[in-house]
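Me: I would like to go through the labels given to this model and the grounds for each one. Please set each value against its cut-off.

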Amino acid sequence: MYACVGLWNTFFLIIFSIFDVSRIMKWSTRSTEEIFSLFISIAFIVDAGRDMYKNFNHNYFSHACMEEGSTPSVEFPLWIANSTINETAGEVSLTQPCKRENSLLFLLLMCGTVWLAVSLYNFNKTPYLQASKREILADYALPVAVISMSFLGSFVFRDVATDQFRYSDNHPLTRAPVEELPWTASIAALGMGFALSLLFFMDQNISAAMVNNPCNKLKKGPAYHLDLFVVGVVNGFLSLYGLPWMHGVLPHSPLHVRSLADVEERVEQGHVYEIIVKVRETRVTGIISHILIGLSIFLLPYPMAYIPTAVLDGLFLYMAITSLNGNQMFERITLLFMEQAAYPPNHYIRRCPQRKIHIFTMCQVFQLAIMCFFGFSPWSYVKMVFPVIIFLLLPFRHKVVPCLVDGKYLEALDGEHQ
């Protein structure tokens, strides 16, 4: 069924690319891209928060820990801990032992990964060391943080049990027998494949649009239709063998561009902001990084098993935080809690009344809230509508928002330029 849904997704993506459906993305403005980017950041935060909640609920707030006046319980194997032993004196129930140190270490590793990675990421803004060394530390902030915190969790605190990187080695690389699927299931897979293709279409094109934003000053022209075609073909192969689907995603794609860019800091009326001067446009980094991703299979089970789950959650939080750089929607949200005298001298602040800025921001927040409701809904059938909700961002921006904000102000708030 998974393979059939993926093949229908491939079919629709190829149809989209052949008939140049990506042309409708001309209606996708900076506002839509910012909303989607902020949603991805929230998704990373939600995933990390769920893991932390699950860990604390299982360990810190377990029944053994919450029992007042209980003596420290002895740790038993899991199959014994979940069983009930009948004795002559009565029935004795053995529960999971109290492991509050596990949750505290989880929190330490997750927050430590975020703190170390963000500190190194911003190290080039400090006066320490030489400029070239500061830039190297900033470029390798994430791997340094992951390796350091993994060593801390797996070796320094090795006496504390932690959730480690998990993988399955029983996945045979065999073709899925799609032909054995009943025709009724194939029809159902068609509907899900079409919804999935809408999600891929919007994800891929919004990611590509953010990469090709004029602010990045790229020279080579975009190839939206060709990119979509390649994504469809690759995912068709992955579907046949039950492998995960892939496409250009946020925030990885814009962060890749930024890692290849020369950035300068400018100061205006006491406010510091960054601009991209030049981007080293190359396909080599993308090819090499994906080759290394493929070679990482040889790092299983070790040393990959030494990476605690908390460190991976810290990695997600780091990507969520760093992707906020340059997101004007996030900047405008902070203006809601800032006095007007402290506003930065951005171009839209100079050209738009404060009230219109806040109205436009609240329109974006409303759209983001709708996306979060459908994207994080606990009901599967509601989540299936999510691709349609993303697509509806386009008509909402061009039909509803202009009724609340004048066109001349929209040009400043939602234009291509900085």
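Reply: What follows covers two helix pairs and a cavity in a predicted model.

Me: Why are α2 and α15 called oblique to each other?

Reply: Helix α2 (residues 30–60) and helix α15 (residues 354–375) pack at an angle of about 45°. Angles under 35 degrees count as roughly parallel, and 65 to 115 as roughly perpendicular. The value falls in neither range, nor over 145, and therefore α2 and α15 are oblique. Their axes are 10 Å apart, and the crossing is right-handed.

Me: What makes the contact between α2 and α15, and which residues belong to it?

Reply: Contact means heavy atoms within 4.5 Å. From α2 the residues are Ser31, Glu34, Ile35, Phe36, Leu38, Phe39 and Ile42. From α15 they are Phe360, Gln364, Gln367, Leu368, Met371, Cys372 and Gly375. By class, this contact has 9 nonpolar, 4 polar and 1 charged residues. Gly counts as polar, so Gly375 of α15 belongs to the polar class. Glu counts as charged, and Glu34 of α2 is in the contact.

Me: How do you know that α7 is roughly antiparallel to α12?

Reply: The axes of helix α7 (residues 141–156) and α12 cross at roughly 155° and come within 10 Å. Angles over 145 degrees count as roughly antiparallel, so α7 and α12 get that label. The crossing of α7 and α12 is right-handed.

Me: What is the make-up of the contact between α7 and α12 by class?

Reply: Ala141, Leu142, Val146, Met149 and Ser150 of α7 meet Val311, Leu315 and Tyr318 of α12. These residues divide into 7 nonpolar, 1 polar and no charged. Tyr counts as nonpolar, so Tyr318 of α12 falls in that class.

Me: How many cavities are counted, and what makes a space a cavity?

Reply: The count comes to 1 cavity of 30 Å³ or more. A cavity is a set of points where a 1.4 Å probe fits but cannot get out. About 50 Å³ of space lies in the largest cavity, which is over the 30 Å³ cut-off.

Me: Which residues line the largest cavity, and where do they come from?

Reply: The lining consists of Asn55, Asn102, Leu105, Phe106, Leu109, Thr162, Asp163, Pro308, Thr309 and Ala310. α5 (100–121) and α12 (309–322) each supply at least two of the lining residues. The largest share, 4 residues, comes from α5. By class, the lining has 5 nonpolar, 4 polar and 1 charged residues. Asp counts as charged, so Asp163 belongs to the charged class.

Conventions. Residues are numbered from 1 along each chain as its sequence is written. This is a predicted model: local features need pLDDT of at least 70, side-chain atom pairs count only at pLDDT 80 or more; totals for chains, interfaces and linings use all residues. Side-chain values use heavy atoms; hydrogens and water are left out. Axes are lines fitted to C-alpha atoms, for helices over the stretch in contact, and angles run from 0 to 180 degrees between N-to-C directions. A crossing is left-handed if the near helix is turned anticlockwise from the far one by less than a right angle, and right-handed if clockwise. On a 1 Å grid over the protein atoms alone, a cavity is a set of points where a 1.4 Å probe fits but cannot get out, and a pocket is an open set with protein on both sides within 12 Å along at least five of seven lines; lining residues have an atom within 4 Å of a point. Grid points are joined across faces, edges and corners, and a volume is the space filled by probe spheres set on the points.
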